[in-house]
Amino acid sequence: MLERGDSSRGSRYLLGLCYQQMGELGKAETVLAALVAKEPKWAPGHYALGRVLFVEGKFPEALRATGEAERLGEPVARTRHLVGSIEEERGNWAAALAAYDAAIKAAPTVSEAHSGRASVLFKLTRLAEARSAAAEALRLTPKNEEAARILRQASAAQPAADGLVTDVAFERRELEFVLEHSPTAEKHVVSTMAGGLAVFDFDNDGLLDLFFTNGAELPSLKKTGPKYWNRLYKNMGGLRFVDVTAEAGLAGEGFSIGAAAADFDGDGWTDLFVAGAGKNLLYRNERGKFTLSPRGIRDEKFAAGGAWLDYDLDGRLDLFVVNYLDWTPAFSKRCGERLRVYCHPREFMPTANRLYRNLGDGTFADGSAAAGISGHMGKAMSAAVADVDGDGRPDIFVANDALPNFFFKNAGGKFVESALAAGAAYNDMGKPISSMGSDMRDYDNDGRPDLIFTALVGETFPLFRNTAAGFRDVTYPSGVGALTVRRSGWGVALADLNNDGWKDLVTANSHVTDTIELTRSEKYKEPNMVLLNAGGKFRMGSELTPAAAYRGLAVADLDGDGKLDIVTSALGEHAVIWKNVSTGSGHWLEVKAPIGSRVRAGNQWQEVTAGGSYGSGSFVPAHFGLGAATEADVEIVMPSGARKALGVVKASR
């Protein structure tokens with residue numbers, strides 16, 4: 001037993017290892033850091049510290065400690081294996097492979113180095129090599145569970161027998177719209193938060209149109225000229241869009257951030273909510289012309305978006321407003337010592353989100369307190385809606401920036417905040433992260449909506465699987481962790497981009513801080529990213545370049561060819577349509593249904609929603625990729641619970 005106060009090398013070393021085994025990583029790091037400070041030339045201490053730092057996710061520090069251990073004489077087979085593990089977690093595949101190869105060269109009979117190499121090869125989809133490396137690891141150690149798992153996965157990940165191409169390709173097409181976010185030397189935080197958009201058919205001509213929110217002058221928050229107008233673009237067919245903002249009456253007011261489209265009055269014409277700093281706008285669509293009316297919706301200091309849902313199942317769509325910070329231009333702090341930066345959200349007080357009940361006469365009443373929403377203070381950046389527990393009532397996930405997330409479980413028209421019990425409050429390390437855009441879709445085809453949200457570099461884009469008993473963090477087992485740990489993301493969507501029957505992942509990427517490259521080895525502007533879903537496991541598909549400060553994102557079939565296209569906005573740059581030009585894609589099916597409906601096509605489920613992503617609430621048909629199948633049995637579960645069986649429907653329509 002280690003005596004209290006014993007400061008010998010062995011005691012400190014063993015104490016650090018004990019803390020690591022107990023999961024008390026902070027204590028382990030403290031003990032081992034003190035050890036190497038006292039014994040700077042003792043290699044095992046540096047190596048042990050490197051392992052703890054790796055588990056904590058402190059990758060640069062872990063690499064430095066491991067490198068020092070190797071310099072001092074720690075066996076190369078051990079240090080290179082640890083470097084391989086670190087680089088693999090960071091997504092540096094070439095560096096990881098080189099490190100594992102060095103470990104194998106130093107000690108060819110160590111099974112774990114071979115299985116580490118197999119893991120990287122599998123993530124690179126070099127399946128034959130992955131199987132070979134895993135088999136060698138098992139030959140050396142038959143009980144190597146990692147090698148056995150990789151061998152199973154690599155064997156199961158053979159190309160489909162129907163010959164469908166799983167890769168995707170996109171053609172970049174700029175729109176004339178430029179997102180004016182008004183950056184100034186004062187670094188008003190609202191400037192970096194602009195960029196929401198919506199896709200919906202505003203004129204009922206069967207073609208999906210595009211709406212973009214836009215900023216305003218700072219600090220006045222006023223749209224002082226046409227360059228600050230929000231913009232509506234009519235789809236003329238063939239991916240040709242015409243600006244109809246003035247005719248439609250959607251130029252807007254204030255610094256707009258998010259949008260959410262839905263037919264709230266049931267007249268068959270899609271209406272529009274626009275969220276912003278100091279000004280929220282609710283528009284009623286009157287046969288293609290929009291009329292602005294307060295209708296009971298109040299302005300907020302800093303609203304980032306909205307989501308439509310019928311939370312009380314009275315047949316009328318209600319509105320959930322996402323509120324970010326207690327901020328105004330008059331309360332704009334100076335952050336950064338020598339270099340002024342956008343303030344961290346901790347510098348501002350949290351706010352409550354707001355829920356408006358649709359009264360059915362064209363007006364709304366604030367139902368936040370009665371529904372159990374107003375008592376929960378957060379820093380919300382997005383809200384995703386889905387019936388998570390299958391009870392027929394829509395639940396709400398709220399992504400909070402640097403605070404625990406909210407999961408509002410619908411308990412009969414009243415909500416119970418249960419994110420901790422549901423497993424969605426924190427990441428798998430029990431920490432709140434910079435949760436940003438969000439989506440809830442069924443990525444693994446088990447019939448239950450899962451959860452994805454974006455965050456900042458080093459945090460990954462966490463993926464939570466719905467187990468029916470709650471959410472389970474599968475970020476790394478799914479492959480998403482290693483692919484996103486070095487990215488920062490905003491808009492996000494789970495959607496089947498290659499029509500193979502599995503929902504892929506697309507994200508709009510960029511850091512928050514435009515000066516980040518002056519102080520850290522991180523990138524401000526990034527390319528967008530598509531991760532392809534292969535049976536519930538994700539691999540890198542495409543980078544959508546060039547890099548930019550992307551924000552809003554939506555996915556929809558804009559040209560009616562059965563392949564989902566992508567729309568993004570970027571600070572200070574043109575909005576972009578990424579036309580899906582993939583060849584060899586599978587068959588498809590689209591189903592129009594009311595918001596809140598659950599649609600089944602074969603073994604796949606989609607919920608029709610109007611929220612999620614970042615600031616981007618679209619109203620589009622439920623899209624299904626069918627792979628090689630030329631038909632599917634289709635059923636719609638209406639918001640009322642009534643089931644509408646469409647029977648077997650031919651594909652590609």
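**Exercise 1. The two sides of helix α2**

Task: determine which exposed residues lie on the face of α2 turned away from its buried side, and which residues of α2 are buried.

Solution. The face turned away from the buried side of α2 carries the exposed residues Thr30, Ala37 and Lys38, where exposed means over 50% relative accessible area, buried under 20%, and partly exposed in between, with a 1.4 Å probe and protein chains only. The model is predicted, local features need pLDDT of at least 70, side-chain atom pairs count only at pLDDT 80 or more, and totals for chains, interfaces and linings use all residues. Residues are numbered from 1 along each chain as its sequence is written, and side-chain values use heavy atoms, with hydrogens and water left out.

Next, the buried residues of α2 are Leu25, Ala28, Val31, Leu32, Leu35 and Val36. Seen down the axis of α2, these buried residues fall within an arc of 130 degrees, so they line one face of the helix; the arc is that of the directions from the helix axis to the C-beta atoms. An α-helix has 3.6 residues a turn, so residues three or four places apart point the same way. Finally, the cover over the buried residues of α2 includes α1 (9-21) and α3 (43-55), helices being DSSP runs of H or I with at least four residues and strands runs of E with at least two, numbered from the N terminus.

**Exercise 2. The disulfide**

Task: find which cysteines form a disulfide, and state whether they are buried or exposed.

Solution. A disulfide is taken as a pair of cysteine sulfur atoms within 2.5 Å, and by this rule the count comes to one. The pair is Cys335 and Cys343, whose sulfur atoms are 1.9 Å apart. With 100 degrees about the S-S bond, the link of Cys335 and Cys343 is right-handed, and both cysteines are buried. Cys18, by contrast, counts as partly exposed because its relative accessibility is 40%.

**Exercise 3. The surroundings of Tyr443**

Task: locate Tyr443 in the fold, decide whether it is buried or exposed, and list its contacts beyond its neighbours within four places in sequence.

Solution. Tyr443 sits in the loop between β20 and β21 (450-453). Because its relative accessibility is 4%, Tyr443 counts as buried. Leaving aside neighbours within four places in sequence, Tyr443 is in contact with residues including Asp450, Arg465, Trp502 and Phe538, contact meaning heavy atoms within 4.5 Å. As a last step, Tyr443 and Lys537 are 94 residues apart in sequence and 9.3 Å apart in space, C-alpha to C-alpha.
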